[in-house]
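Biologist: I should like to examine this fold through its helix packing and a few glycine positions. Could we take the points one at a time?

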Amino acid sequence: MRDPAFSFEFFPPKTPQGTEKLRATRQQLAQLRPKFFSVTYGAGGSTQDRTLDTVLEIQREGLPAAPHLSCIGSTREGILEILERFRAHGIRHIVALRGDLPSGTVDVGEFRFAQELVTFIRERTGDWFHIEVAAYPEFHPQARSAHEDVLHFKRKVEAGANSAITQYFFNADAYFNFAEECEALGLTIPIVPGIMPITNFMQLARFSDACGAEIPRWIRRKLEGFGDDVASIRAFGLDTVTALCARLLEQGAPGLHFYTMNQAGPTSTIWARLGL
Ligand code: FAD
């Protein structure tokens, strides 16, 4: 197997303090030599400038960075403008998503699915960008069926994606089952597991409900049982997520993408424990 590819995801900070904190986080995580850092993109383009600013700051530090870009609620002209800006700044790696409409928005814009965005990027910019797309081992919450979701993923790959990053999950079997199904459909791109360190139960439960990621009952019950005991939540979270990562790598996952939540601690501890 090739060397596993590791990457770290940030969200664009909103305040000068957040920007400072992210710099410190990045300095620490850069020592782990990830393949790239990625920076999320707010629903409906709400963080467009901050996403780009963060990516450019990372690039100036000599580190590889990829902006996320979502298309729902956008026009073709608007997306093309953003792609041209990325190109002008020498950005060659992008995470292409549909995104979710901010609540209250009714205009879906000119793209309905990420597949259309990938097609558009290829049409307009050829092979300039390495395109990552999202994958859902536990299936996207809006998918009509598990099988259709995989077929939609296949179309997105065929539209020109180079690799995929998954939604986070805590059940390794869901990932391997999804990867096998993709392989059986002839898909050969790397599908890199997205890893969410566990540090805060309430926040994790809220995210998981929204994105359709399952917290297995035994994990949920343990976390609930710790109540406000943050140290126990963190210790259990580190053990559980490290074990998940170890199994994923041992059984052939092509790398790991960490949802860092702009914190270096949990990701670097898991990294050290994995002996990477
Ligand atoms: P799609 O691949 O378009 O899929 C969305 C749904 O539509 C699925 O249910 C799929 O089965 C269905 N579908 C797809 N094609 C068709 C078709 N042709 N006909 C009918 N149904 C179809 N969100 C953000 O706003 N900003 C971010 O930065 C961000 N980063 C993310 C990074 C990763 C790694 C992941 C996994 C998710 C990220 N998200 C982000 C969340 C993502 O935008 C949402 O999960 C969104 O609901 C779906 O985006 P998608 O690109 O997977 O959509």
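Biologist: Near what value is the phi of G252, the residue that follows α9?

Modeller: This is a predicted model, in which local features need pLDDT of at least 70, side-chain atom pairs count only at pLDDT 80 or more, and totals for chains, interfaces and linings use all residues. Residues are numbered from 1 along each chain as its sequence is written, and side-chain values use heavy atoms, without hydrogens and water. Helices (H or I, at least four residues) and strands (E, at least two) are DSSP runs numbered from the N terminus. After α9 comes G252, with a positive phi near 105 degrees.

Biologist: How far does α9 reach from its first C-alpha to its last?

Modeller: Helix α9 spans residues 230-250 and contains 21 residues. At 1.5 Å a residue (times one less than the number of residues), 30 Å is expected. The reach in the model is close to that expectation, at 30 Å.

Biologist: Which elements are included in the cover over the buried residues of α9?

Modeller: Buried means under 20% relative accessible area, exposed over 50% and partly exposed in between (1.4 Å probe, protein chains only). Among the buried residues of α9 are I233, F236, G237, L238, V241, L244, C245, L248 and L249. Their cover, counted by contact (heavy atoms within 4.5 Å), includes strands β1, β7 and β8 together with helices α6, α8 and α10.

Biologist: What orientation does α8 have relative to α9?

Modeller: The axes of α8 (residues 217-226) and α9 come within 9 Å and cross at roughly 160 degrees; they are lines fitted to C-alpha atoms over the stretch in contact, with angles from 0 to 180 degrees between N-to-C directions. W218, I219, K222, L223 and F226 of α8 meet S232, I233, F236 and T240 of α9. Angles under 35 degrees count as roughly parallel, over 145 as roughly antiparallel, 65 to 115 as roughly perpendicular and the rest as oblique. The crossing angle of roughly 160 degrees therefore makes α8, with respect to α9, roughly antiparallel.

Biologist: And what orientation does α6 have relative to α9?

Modeller: The axes of α6 (172-184) and α9 come within 10 Å and cross at roughly 25 degrees. The contact joins A172, D173, Y175 and F176 of α6 to L244, R247 and L248 of α9. Because of the angle of roughly 25 degrees, α6 and α9 are roughly parallel.

Biologist: How is α1 oriented with respect to α2?

Modeller: Helix α1 (residues 16-30) packs on helix α2 (residues 48-60) at about 40 degrees, with the axes 12 Å apart. T19, L22, R23 and R26 of α1 meet T54, E57 and I58 of α2. Given the angle of about 40 degrees, α1 and α2 are therefore oblique.

Biologist: Is G255 buried or exposed?

Modeller: G255 lies in strand β8, and its C-alpha is 8.3 Å from that of I191, 64 residues away along the chain. Leaving out residues up to four places away in sequence, G255 touches P4, A5, V192, P193 and L249. Because its relative accessibility is 0%, G255 counts as buried.

Biologist: What is the relative accessible area of G90?

Modeller: G90 sits in the loop between α3 and β4. Beyond neighbours within four places in sequence, G90 is in contact with Q59 and W128; Q59 is 31 residues away in sequence and 9.4 Å away, C-alpha to C-alpha. G90 is partly exposed, with a relative accessible area of 40%.
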